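Subject: A structure to look through

Dear colleague,

Here is the structure I promised to pass on to you, and below it I have set out what was found. Please keep the view open while you read.

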Amino acid sequence: MPTRAEDQWSRVTTSAVHLEMRDSYIRDDPAFIAWQQGRVEEASAAYQGWTARVKELTARGVVVRRARIISEPISDYCRFEYDVTGPVNLAGGELVRWLPRRRASDIALPGNDFWIFDGSHGKFNHFTGDGSSAGPEPITEPRVVKLCADAFEAVWERAIPHEEYKPV
């Protein structure tokens, strides 16, 4: 029987967009620790489940996009994300862009990272001050979905494709 998260992904039909706005996330993540120790391949391998999920989604015609708003110079965590984006995200067919925070100052942004699915619903991802997950919160209110979708599109329009972004 699929988990609730797996079922959520199986219902996505056209699009999944994800906006990340933090400079650091789960710092005790074993993949991040492996990367810090110079084991980039091991760090990337830890996310192969995600790569497989995105491959399955894109094979069904779902467009998966991720935008990251980052401070520059980038944090060590964002450098980790940058280093694993190719072998993890892009390898699955996900499109990824980066937006330096100073270029996002005039965009109205929600207070939390989020996913929006098929433009109709989604979830906020909440984090504690140290970057640990504080759990998701469903987004179903049409006004909030629109706010998030509009924010994502404004970021996406300005952001730099991963293949062109050079971390500072």
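**Helices across the sheet**

Helix α5 lies across β1 (15–20), β2 (63–70) and β3 (95–100), and runs at about 160 degrees to β3. Here contact means heavy atoms within 4.5 Å, helices (H or I, at least four residues) and strands (E, at least two) are DSSP runs numbered from the N terminus, and angles run from 0 to 180 degrees between the N-to-C directions of axes that are lines fitted to C-alpha atoms, for helices over the stretch in contact. Helix α6 (residues 142–158) lies across β1, β2, β3, β4, β5, β6 and β7, running at about 75 degrees to β2.

Please bear in mind that this is a predicted model, in which local features need pLDDT of at least 70 and side-chain atom pairs count only at pLDDT 80 or more, while totals for chains, interfaces and linings use all residues. Residues are numbered from 1 along each chain as its sequence is written, and side-chain values use heavy atoms, with hydrogens and water left out.

**The sheet**

The 7 strands form an open sheet of mixed pairing, in the order β6-β5-β4-β1-β2-β3-β7, where two strands pair if DSSP finds at least two bridges between them. Because β6 (133–139) and β7 (160–161) stand at the edges with a single partner strand each, one side of each is left without a neighbour in the sheet. Further in, β4 and β5 (residues 121–127) pair in the antiparallel sense over 5 bridges, and Ile116 stands opposite Gly122 in β5.

**Core and rings**

The largest nonpolar core (buried Ala, Val, Leu, Ile, Met, Phe, Trp, Tyr and Cys residues joined through side-chain atoms within 4.5 Å; buried means under 20% relative accessible area, with a 1.4 Å probe and protein chains only) has 20 residues, of which Trp9, Val12, Ala43, Phe80 and Trp115 touch the most other members. At least two residues of this core come from each of α2 (30–36), α4 (48–59), α5 (76–92) and β4 (113–117).

By the rule that rings of Phe, Tyr and Trp (its six-membered ring) pair if their centres lie within 6.5 Å, with planes under 30 degrees apart counted as stacked, over 60 as edge-to-face and the rest as tilted, the count comes to 17 aromatic pairs. The rings of Trp9 and Trp115 have centres 5.1 Å apart and planes at 90 degrees, so this pair is edge-to-face. Since Trp9 lies in helix α1 (residues 4–10) and Trp115 in strand β4, the pair ties together parts that are 106 residues apart in sequence. Trp115 also forms a stacked pair with Phe117, at 5.9 Å centre to centre and 5 degrees between the planes.

With best wishes

Note on methods. Buried means under 20% relative accessible area, exposed over 50%, partly exposed in between (1.4 Å probe, protein chains only).
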